[in-house]
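Visitor: I would like to go through this chain with someone who can point things out. Could we take it by question and answer?

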Amino acid sequence: MSTDLDVALAAHRAAPFPDAVERGEQYGLVDAVMVDSDIFGWATEVSAGVVLAPEAARGLRQCADGLSASLIAFPEAARVYYVHLLLVAELALRDDALRIAGTSDPLAPDTVAGDPEREATTATVPGAGPEAARRPRSGLAGLFRASRSSHPQPTPDPAAFVPELESILFSADPVGIAFETNTDEYRPEAETIALRLPDATSVDDVQRIIHEEFVAWFDASTAGPALRYRALAARVWLLWSERG
């Protein structure tokens, strides 16, 4: 059975490299070609069942962070391509962490034990601890915040984003309450999350907001670890950013 990562990799493989991107050029913090190649290579290994070595996991994390911080630097016509690449990276990181934890269940707690080096690696992933979920890694969120301030953009309307956000939450169904007939089940969560999105400056912020709102609406046990929301946050952040 194909996993989310398998589907995302197949879609990215089929997508043409954007003409608007100059090969070999640096966009923000990343080289446009190298970040594509590195993320795709590591994600392909994860899709094949390989457990990434600690240095490879760190490399993938750094690529995802760098790309997240640099999306605004890419030509507008190329952002969809790199948005999808970021989703590939986040799915690969999620699956690798789950495999290390000994489970294939994305709803399971994101615990890693027995390997100090891998524990240090996953400690940088939101959800690995109460403080990790609340602070940017490597200063990248701060860099992205600065880049946004130098390119003022109108703030999207949170209320107008609620229907799209509700659909995204229903599709992801992070707490297992979505059925065919209750398509408005995530409306309350979508409304409170949307109200906080204008304060977000990165995927990290969106993940923290979504996780905090699910903990508030349900409870910590039902909401689960912050890592569960990483791929969802990437999708929400990228769609929200495009509205700005």
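What follows is a conversation about a predicted model, from the overall fold to single residues.

Visitor: What pattern of helices and strands does the chain follow along the sequence?
Guide: This is a predicted model, and its chain has 11 helices and 2 strands. Read from the start of the sequence, the order is α-β-β-α-α-α-α-α-α-α-α-α-α.

Visitor: What share of the chain's residues count as buried?
Guide: A residue counts as buried when its relative accessible area is under 20%. The chain has 244 residues, and the buried share of them is 47%.

Visitor: Among contacts with a separation of 6 or more, what percentage is accounted for by residues 24 or more positions apart?
Guide: The contacts considered here are those in the chain with a separation of 6 or more. Residues 24 or more positions apart account for a share of 69%.

Visitor: At roughly what angle do the axes of H1 and H2 cross?
Guide: H1 covers residues 4-14 and H2 covers residues 32-47. The crossing is left-handed. The two axes come within 10 Å, and the angle between them is roughly 145 degrees.

Visitor: How do the residues of the contact of H1 with H2 divide into nonpolar, polar and charged?
Guide: From H1 the contact takes Leu5, Asp6, Leu9, His12 and Arg13, which meet Asp36, Phe40, Ala43, Thr44, Val46 and Ser47 in H2. The division is 5 nonpolar, 3 polar and 3 charged.

Visitor: H2 also meets H4; within what distance do their axes come?
Guide: H4 runs over residues 79-100. Its crossing with H2 is left-handed, at roughly 35 degrees. The axes of H2 and H4 come within 9 Å.

Visitor: How many residues of the contact of H2 with H4 are nonpolar?
Guide: H2 contributes Ala32, Val35, Asp36, Ile39, Ala43 and Val46, and H4 contributes Tyr81, Tyr82, Leu85, Val88, Ala89, Ala92, Asp95, Asp96 and Arg99. No polar residues are counted there and 4 are charged, while the nonpolar count is 11.

Visitor: How far apart are the end C-alpha atoms of H3, and what span should its residues give?
Guide: H3 has 17 residues, 54-70. The expected span takes 1.5 Å times one less than the number of residues. The result should be 24 Å, and the end C-alpha atoms agree with it at 24 Å.

Visitor: How many residues of H3 are buried?
Guide: H3 is largely enclosed by the rest of the structure. That follows because its buried residues number 14 of the 17.

Visitor: Which helices does the pair Arg61 and Glu90 tie together?
Guide: The side chains of Arg61 and Glu90 form a salt bridge, 3.3 Å from N to O. Both residues are buried. The pair ties together parts 29 residues apart in sequence, because Arg61 lies in H3 and Glu90 in H4.

Visitor: Which residues are joined with Arg196 into one network of salt bridges?
Guide: Arg196 bridges to Glu212 at 2.7 Å, N to O, and to Glu213 at 2.9 Å, N to O. Arg196 lies in H8 and Glu213 in H9, so that second pair ties together parts 17 residues apart in sequence. Through shared partners, salt bridges join Arg196 with Asp205, Arg208, Glu212 and Glu213.

Visitor: Is Glu213 buried or exposed?
Guide: Arg196, at 24% relative accessibility, counts as partly exposed. Glu212 is also in that class, at 21%. For Glu213 the relative accessible area is 12%, under the 20% limit, so Glu213 is buried.

Visitor: What is the sign of phi at Asp173?
Guide: Asp173 sits in the loop between H7 and H8 and is buried, with a relative accessible area of 19%. Most residues other than glycine have a negative phi. Asp173 is not a glycine, yet its phi is about 45 degrees, and the sign is positive.

Visitor: Which residues does Glu185 contact, leaving aside neighbours within four places in sequence?
Guide: Glu185 is placed in the loop between H7 (158-172) and H8 (187-196), and is partly exposed at 33%. Its C-alpha atom is separated by 9.1 Å from that of Leu169, 16 residues apart along the chain. With those neighbours left aside, the contacts of Glu185 are Glu166 and Ile177.

How values were computed
Residues are numbered from 1 along each chain as its sequence is written. This is a predicted model: local features need pLDDT of at least 70, side-chain atom pairs count only at pLDDT 80 or more; totals for chains, interfaces and linings use all residues. Side-chain values use heavy atoms; hydrogens and water are left out. Axes are lines fitted to C-alpha atoms, for helices over the stretch in contact, and angles run from 0 to 180 degrees between N-to-C directions. Helices (H or I, at least four residues) and strands (E, at least two) are DSSP runs, numbered from the N terminus. A crossing is left-handed if the near helix is turned anticlockwise from the far one by less than a right angle, and right-handed if clockwise. Contact means heavy atoms within 4.5 Å. Ala, Val, Leu, Ile, Met, Phe, Trp, Tyr, Cys and Pro count as nonpolar, Asp, Glu, Lys and Arg as charged, and the others, Gly among them, as polar. Buried means under 20% relative accessible area, exposed over 50%, partly exposed in between (1.4 Å probe, protein chains only). A salt bridge is a side-chain nitrogen of Lys or Arg within 4 Å of a carboxyl oxygen of Asp or Glu.
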